[in-house]
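Got the model open in your viewer? Come along for a short walk through it, one selection at a time.

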Amino acid sequence: MKIYPLLFLFLSSLASADTQCMQNYFASRVGETLEYRVEIDGIRAKGARAISQSDSGQFTLLQSVSVLLASLEEESHFIVDEQGIVPINYLFEQQGLGARKTTIQFNGATAEVNRKGKTSQLELPQGFQDPLTFILQLQAATSCGESIETLKIPLVKSKGVSEVVFVQGESSVVKSGEKDLVLETWQRVDGDKIEKVGLIPELNNLLYSFEQREGEKINRLQLIDLP
């Protein structure tokens with residue numbers, strides 16, 4: 001069984017966001033651990049996302065999923081500047097059935113990718129993000145920046161760099177006890193692939209849901225409990 005990392009998104013242009021706002025936003029999420037219901041190709045599991053910060057100020061985002069005879073873990077280390085996240089390194093590791101490991105080390109304008117025991121180099125565009133950090137970038141960007149309706153995304157993956165575009169979709173409502181909360185949706189359409197991300201602005205742009213459809217293949221996650 002092959003498990004794919006859940007791909008999220010990145011906002012490339014954030015000139016209006018200031019460093020202090022970005023720093024404050026990420027600091028507000030430190031210590032947060034969120035648990036999700038996960039579905040990968042019809043197989044149900046549970047996953048978690050957690051954010052921590054070292055004494056040096058470097059942030060770590062960890063995402064983990066356990067399913068059947070395999071476990072999946074993604075980890076990204078990053079710092080923050082006036083535009084948001086600057087990735088330092090990224091790890092994707094699947095243990096158990098279908099074991100594999102990929103690392104990406106970011107160094108200035110280049111990245112070193114180690115995948116299946118082979119090393120390659122990638123040139124990095126300005127404002128790049130890795131497959132894990134982009135959702136935090138979106139959350140911070142919509143908190144610190146001006147109103148945004150379209151997102152251009154330079155996404156660095158093990159096989160190369162691509163640019164995708166997300167647009168703001170229709171809002172809906174989710175229940176938190178007796179309170180109704182607005183769920184803000186962002187969507188990307190690329191051929192037969194559709195990705196949707198749901199954020200709750202009233203809860204510090206909390207990641208509520210993600211869905212990726214490609215043909216008959218569906219990957220999704222949804223927050224188990226609202227704060």
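Two residues count as being in contact here when they have heavy atoms within 4.5 Å of each other. Keep in mind as you click around that this is a predicted model.

**Stop 1: Ser209**

Let's put that contact rule to use. Select Ser209, which sits in strand β14, residues 206-214. Which residues does Ser209 touch, not counting those up to four places away in sequence? Light up Lys196, Val197, Gly198, Leu221 and Gln222: those are its partners. Ser209 has a relative accessibility of 17%, so it counts as buried, the cut-off being under 20%.

**Stop 2: two helices that cross**

Now select residues 19-29, helix α1, and residues 134-144, helix α2. Turn the view until you can look at both at once. Their axes are 10 Å apart, and the helices pack at an angle of about 125 degrees. That angle is why α1 is described as oblique to α2. As for handedness, the crossing of the two helices is right-handed.

Show the side chains where they meet. On the α1 side, pick Cys21, Met22, Tyr25, Phe26 and Arg29. On the α2 side, pick Leu136, Gln137, Gln139, Ala140, Ala141, Ser143 and Cys144. Colour this contact by class and you should get 8 nonpolar, 3 polar and 1 charged residues.

While you're here, try a surface on α2. Is this helix mostly covered or mostly open? Mostly covered: 9 of its 11 residues are buried. Among the buried ones are Phe134, Ile135, Leu138 and Cys144.

**Stop 3: Gln139**

Stay in α2 and zoom in on Gln139, which belongs to this helix. Its relative accessible area is 3%, so Gln139 is buried. Who is around it? Leaving aside neighbours within four places in sequence, Gln139 is in contact with Tyr25, Arg29, Leu199, Asn205, Leu206 and Leu207. Remember Asn205 from that list; we'll come back to it.

Try a distance, too. Draw a line between the C-alpha atoms of Gln139 and Phe26: these residues are 113 residues apart along the chain, and the separation is 9.5 Å.

**Stop 4: a group of rings**

Follow that line to Phe26 and show the aromatic side chains. How many aromatic pairs does the structure hold? There are 5. One of them joins Phe26 and Phe78 in an edge-to-face arrangement, 5.7 Å centre to centre with 65 degrees between the planes. This pair bridges distant parts of the chain, with Phe26 in helix α1 and Phe78 in strand β4, residues 70-81, 52 residues apart. Both of these Phe residues are buried.

Add Tyr25 and Phe59 to your selection: together with Phe26 and Phe78, they form one aromatic cluster.

**Stop 5: two residues with positive phi**

Next, a look at the backbone. Most residues other than glycine have a negative phi. Here are two that go the other way.

Start with Asp41, in the loop between β1 (33-40) and β2 (43-53). Its phi is near 50 degrees, a positive value in a residue other than glycine. At 39% relative accessibility, Asp41 counts as partly exposed.

Then jump to Asn205, met earlier as a contact of Gln139. You'll find Asn205 in the loop between β13 (193-200) and β14. Its phi is positive as well, at about 55 degrees, although Asn205 is not a glycine. Is Asn205 buried or exposed? Buried, with a relative accessible area of 4%.

**Stop 6: Gly215**

Carry on to the loop between β14 and β15 (217-223) and click Gly215. With 52% relative accessibility, Gly215 counts as exposed. Now add Lys193: its C-alpha atom is separated from that of Gly215 by 6.9 Å, with their places 22 residues apart along the chain.

**Last stop: Val165**

Finish at Val165 in strand β10, residues 160-168. Val165 is partly exposed, with a relative accessible area of 38%. Beyond its neighbours within four places in sequence, Val165 is in contact with Thr150, Leu151, Lys152, Ile153, Gln187 and Arg188. For one more distance, pick Glu82: Val165 and Glu82 are 22 Å apart, C-alpha to C-alpha, and 83 residues apart in sequence.

Methods. Residues are numbered from 1 along each chain as its sequence is written. This is a predicted model: local features need pLDDT of at least 70, side-chain atom pairs count only at pLDDT 80 or more; totals for chains, interfaces and linings use all residues. Side-chain values use heavy atoms; hydrogens and water are left out. Axes are lines fitted to C-alpha atoms, for helices over the stretch in contact, and angles run from 0 to 180 degrees between N-to-C directions. Helices (H or I, at least four residues) and strands (E, at least two) are DSSP runs, numbered from the N terminus. Angles under 35 degrees count as roughly parallel, over 145 as roughly antiparallel, 65 to 115 as roughly perpendicular and the rest as oblique. A crossing is left-handed if the near helix is turned anticlockwise from the far one by less than a right angle, and right-handed if clockwise. Ala, Val, Leu, Ile, Met, Phe, Trp, Tyr, Cys and Pro count as nonpolar, Asp, Glu, Lys and Arg as charged, and the others, Gly among them, as polar. Buried means under 20% relative accessible area, exposed over 50%, partly exposed in between (1.4 Å probe, protein chains only). Rings of Phe, Tyr and Trp (its six-membered ring) pair if their centres lie within 6.5 Å; planes under 30 degrees apart count as stacked, over 60 as edge-to-face and the rest as tilted.
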